[in-house]
Amino acid sequence: MDNLFASFKERAEAVSAEVHRCGTAAEARDFVQGLLKEVGGTALWAPCAFLEAEGRPAFPGLSYDVTRERAAEAKVGISQMDWALADTGTLVVDATGVEGRLVSTLPQIHVALIGADRLLPDMASVLGRIKPSKAGYLSMITGPSRTADIERVLTIGVHGPERLVIVFVEGSAA
Amino acid sequence: MTTTFKESIQDALANPNLRGALGRFSEAYKISREKAYAGMDFEAVRDAVRDVKAYGASHLEELAEAFKAKAEAAGAKVYRASDPAEVKAYILALAKENGVRSIVKSKSMATEEIHLNKHLEAEGIEVYETDLGEWIIQLCHQTPSHMVMPAIHMTKEEVAEVFSTKVEEGQQPDIPKLVKFARGKLRNRFLGADMGISGANIAVAETGSLVLITNEGNARLVTTLPRIHVAVVGIEKLVATFQDVQPILQALPRNATSQLLTSYVSVITGQVPNTDGSPKQLHIILMDNKRSEMAADPKFRQALQCIRCASCLNVCPVFRLVGGHVFGKVYTGGIGTILTAWFDELKQSDDIQGLCIQCGACKDVCPGRIDIPELILELRRRLAVEKGMPLVQKAIFAVVNNRRLFHSLLRAASVAQKPFAKGGFIRHLPLFLSDLTDFRSLPAIAPRPFRDTFKEIVQPECKEKAAIYAGCLIDFSYPEMGESVVRVLNKAGIQVVFPEGQTCCGAPARYNGAYETAAGNAKDNIKALLEEDVTYVVSACPTCTVALKDDFIATFESLGMEDAIGDARKLAAKTLDFATLVKKLVDEGRLEFKDGQQAETVTYHDSCHLKRTLHAQQAPRDLLKKAGFTVTEMKECDICCGMAGSYSLKLPELSAPILERKLENIKDTGATSVAMDCPGCVMQIRGGLDKLGSGIKVEHTAVRLAKRLK
């Protein structure tokens, strides 16, 4: 697992994602709180298993009522991912629920929470687990939004988030 | 070639931004793409892509129906359209029915292909492209110059100017700021749109899923925020199973942008909730537009294996000089030439197919294993059949097809050219060749052809024999190359025979679409070369070698001359290029070169056919090293020198800058000489260096090796 994590971190960081690892769910919440404080603005947290298991924290500026208007205004969107792929630094999520999509597309910063046990080696291992008939909208996310459409110069943050903050959470229901 | 086409080439060449940006990009691309494939077997990946796509291409109808059933079961509406007018009418009716005033689009080549925006805008509907590159070109009413990077031809200054005049004054040429500006402006378009239109990179029959691959995140917004989603999908995007997406996801990002994976991949299956919780209308239009016709064509079916990565543009020595707009309005570069001929019409490709220099660089990187150069030759052949050949060309090929006449004319030319030749080069050729000598000198026709000097070579009697196939350039301009081949083989105990009946290999005719002439040449040569009882047929010209090994068979196949193919295969089986044969003889211990390190450093130029068709890039390098030379590599050693037979005659304005770059790369190595295995490349590069007054020696590997025999 450590090897997979090291590989994931290297690949994800190579495409400008930020990768963190928290030992407990409580630690992860502290991390999110710290981040929200640091960047300011409003934040939206999409419903997820992590919240169901641990209860919803009340941080300043944070809301759980996900609408397109709030998502468009929010600085930070928080949602939970289903799998992580070590060989490309990719997150995979069943994004059929529109809340998860709104908080990961419109805000400037996307915080992606994921259970440390959800790490898989590669695309082949996740394609075997995915059933499109069960999930109408699957998203794979590899780093923040990017473009090189002007003079081939890489620029981060076009229509999607300009920061992707990935938080692995160990030993929790997440 | 039409005057307007020639003018468009001149305009593109005169645009320094274009040449600078594309040149730098193509250099960087080669390195970054290789890095993206590190630890991965590209050949295996593209075998898998080819298999998946070839299956799709041969089961279009079946997969389309399976897809429709699955997607509709999941709540989508699937409309199958055979031509562009139907697609446009469907979308317009849908928009009207739903009171749509504003549409956001993510990048879709299928909608570019049918000029959808124009149609909708004419009805008063606002249409916004949201991919940054597409938005830029939409604002200034241009067409994409590249399938993946539509605005790659523009500088940041031009983009700032477009934004300032079309959107909001005062934009500065600062790329991050321009990107931020686009994000801000388009954000409201996303939020305000009633309909989102996307394409799809893959459509999965087994599950009815669409796969969208993007970097900017615009496709996620287009498919999430508006209440209606319309996907316009060419039916060649269909694959059978969900597992089939894997090789495409591996190859497309790596080949297109040297990424392991794009930022976003979305897999959409049926209806999903809108932002207000209501079910989203999903309309999928499976568009045929001549794709079924293409699938029914045994030659062109493979073009449906294209996954639109645009790597054929990125490695093309011509594209990097002129960019995409010279090629046409929608699909550009190598594959674009083929798609334009089909989706538009054959005669639309008349000029642009001539841009292909037949170097084969695209074939080497194509993840769908499409033989793009071969398909372009096939277009050339069909064009020649459809509209006939220019009279002058016809007359030339009639001569080439008559060996005795052709050879006696060449002999006569060696006398006639005397007043023009100086130091082995012709400075000013009469008539139609005059353009050509502007940028390089041409070789003089030798006073005595190789077929005459051959008879005077004293050879040992050997049990094993090889037939030499000279080819026109060695026979009539560079007999010393032929003589070197004989000396080297003699040393290894092989006696060389020269079958008198041999003639032009037919490549010039074939590359100009004159397949009948090429077939005539092929028959003459097969007869002459099979008459001899020899172990090998050897040629020191890679283009001729490819003709003998592959093209004769391919020409016969194209013309349905099944009877001739058996003998062509017999000849192919014993034909080898010079370097490969000699390497084999050295490995067998039959041949040695002088010991000791030579003082001289050579750099090696890979000729297109030798490297990319015959895959013999290592043998000549090994041989030169064994013969005591220090081999130093040049940048872009395997990029075409710009010769390509009559290409340098027809498009000297493109051939010249390609050569210029090659000469720079040669000079940069500091080597005192450059070796290569193709007499055509020798002619081009020697002429170029001579013109520059450079002292760098240009020699065929055979000539160098012959002087180092033990």
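Student: What makes the charged end of A:R21 count as sitting over the ring of A:F5?

Tutor: In this predicted model, the charged end of A:R21 is 4.2 Å from the centre of the A:F5 ring. For Arg, the rule asks that CZ be within 6 Å of the ring centre and within 35 degrees of the ring normal. The value of 4.2 Å therefore satisfies the distance part, and A:R21 is recorded as sitting over the ring.

Student: How many aromatic pairs are there over all chains?

Tutor: The count comes to 15. One of them joins A:F5 and A:F168, with 5.2 Å from centre to centre and 85° between the planes. This pair links distant parts of chain A, with A:F5 in helix α1 and A:F168 in strand β12, 163 residues apart.

Student: Are A:F5 and A:F168 buried or exposed?

Tutor: Both A:F5 and A:F168 are buried.

Student: Why is the pair of A:F8 and A:F168 called edge-to-face?

Tutor: The ring centres of A:F8 and A:F168 are 5.1 Å apart, and their planes differ by 85°. Centres must lie within 6.5 Å to pair, and planes over 60 degrees apart count as edge-to-face, so A:F8 and A:F168 qualify on both points. Here too distant parts of the chain are linked: A:F8 is in helix α1 and A:F168 in strand β12, 160 residues apart. A:F5, A:F8 and A:F168 form one aromatic cluster.

Student: How do you know that A:F8 is buried?

Tutor: The relative accessibility of A:F8 is 0%, and buried means under 20%, so A:F8 counts as buried. For A:F168 the value is 1%, which leads to the same conclusion.

Student: Why is B:S106 called buried?

Tutor: Its relative accessible area is 3%. The limit is under 20%, so B:S106 is buried. B:S106 belongs to the loop between β2 and α6 of chain B. Beyond its neighbours within four places in sequence, its contacts include B:E129, B:I197, B:N218 and B:V222.

Student: What makes helices α3(B) and α12(B) oblique to each other?

Tutor: They pack at an angle of about 120°, with their axes 9 Å apart. Roughly perpendicular covers 65 to 115 degrees, and roughly antiparallel begins over 145. An angle of about 120° falls in neither range, and the helices are therefore oblique. Their crossing is left-handed. Among the residues that meet there are B:F42 and B:V45 in α3(B), and B:P247 and B:I248 in α12(B).

Note on methods:
Residues are numbered from 1 along each chain as its sequence is written. Chains are lettered from A and ligands numbered from 1 in the order in which they are written. This is a predicted model: local features need pLDDT of at least 70, side-chain atom pairs count only at pLDDT 80 or more; totals for chains, interfaces and linings use all residues. Side-chain values use heavy atoms; hydrogens and water are left out. Rings of Phe, Tyr and Trp (its six-membered ring) pair if their centres lie within 6.5 Å; planes under 30 degrees apart count as stacked, over 60 as edge-to-face and the rest as tilted. Helices (H or I, at least four residues) and strands (E, at least two) are DSSP runs, numbered from the N terminus. Buried means under 20% relative accessible area, exposed over 50%, partly exposed in between (1.4 Å probe, protein chains only). Contact means heavy atoms within 4.5 Å. Axes are lines fitted to C-alpha atoms, for helices over the stretch in contact, and angles run from 0 to 180 degrees between N-to-C directions. Angles under 35 degrees count as roughly parallel, over 145 as roughly antiparallel, 65 to 115 as roughly perpendicular and the rest as oblique. A crossing is left-handed if the near helix is turned anticlockwise from the far one by less than a right angle, and right-handed if clockwise.
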